[in-house]
Amino acid sequence: MKFELKTVEDRKKAFKELRSLVLNDIGNGRLPTFHILHIERDGTADNHYMTPISLEPVDEKGTKAVWVQDFEFFLKLLLKLKKVVEVEYDPKRPAIIFTYEEV
């Protein structure tokens, strides 16, 4: 599933669809990665990855936590960046791939 992000409506639709996919992945025990394809002005590209999970213990046993709100927050934040021109969901990984163009 791929979205071109030309309008605010495109970004809202992408958020709604991707949020649903992320929630489904988390519910099935799969943690999606946010993959940012960063395209420089000179045409070169590099990749950045993140998975918004808490690495801080949430109890005395040292249990780690996954907060759905963190995934939603960063999804919304990345979709609001004007230089993010496209977003794609890869269910095999699972990953949400953002294309960020410096152009």
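The following paragraphs describe a cavity, a pocket and a cis peptide bond in this structure. The model is a predicted one.

Rolling a probe the size of a water molecule over the atoms shows where empty space is left. Here the count of cavities of 30 Å³ or more comes to one, and the largest cavity has a volume of about 30 Å³. Its lining is formed by R19, V22, L23, V68, F71, E72 and L75. Two helices, α1 (8-27) and α2 (68-80), each contribute at least two residues to the lining of this cavity. The largest share, four residues, belongs to α2. In character, the lining of the largest cavity comprises five nonpolar residues and two charged ones, with no polar residue.

The largest pocket encloses about 210 Å³ of space. Around this pocket stand V8, R11, K12, F15, K76, L79, K80 and K82. Again α1 and α2 each provide at least two lining residues, but for the largest pocket it is α1 that gives the most, with four residues. The lining of the largest pocket divides into three nonpolar and five charged residues, and no polar residue takes part.

Attention may now turn to the backbone. Most residues other than glycine have a negative phi, and most peptide bonds are trans. The peptide bond from R93 to P94, however, is cis, with omega near -20 degrees. Where does P94 lie? P94 is found in the loop between two strands, β4 (84-90) and β5 (95-101).

Note on methods: Residues are numbered from 1 along each chain as its sequence is written. This is a predicted model: local features need pLDDT of at least 70, side-chain atom pairs count only at pLDDT 80 or more; totals for chains, interfaces and linings use all residues. Side-chain values use heavy atoms; hydrogens and water are left out. On a 1 Å grid over the protein atoms alone, a cavity is a set of points where a 1.4 Å probe fits but cannot get out, and a pocket is an open set with protein on both sides within 12 Å along at least five of seven lines; lining residues have an atom within 4 Å of a point. Grid points are joined across faces, edges and corners, and a volume is the space filled by probe spheres set on the points. Ala, Val, Leu, Ile, Met, Phe, Trp, Tyr, Cys and Pro count as nonpolar, Asp, Glu, Lys and Arg as charged, and the others, Gly among them, as polar.
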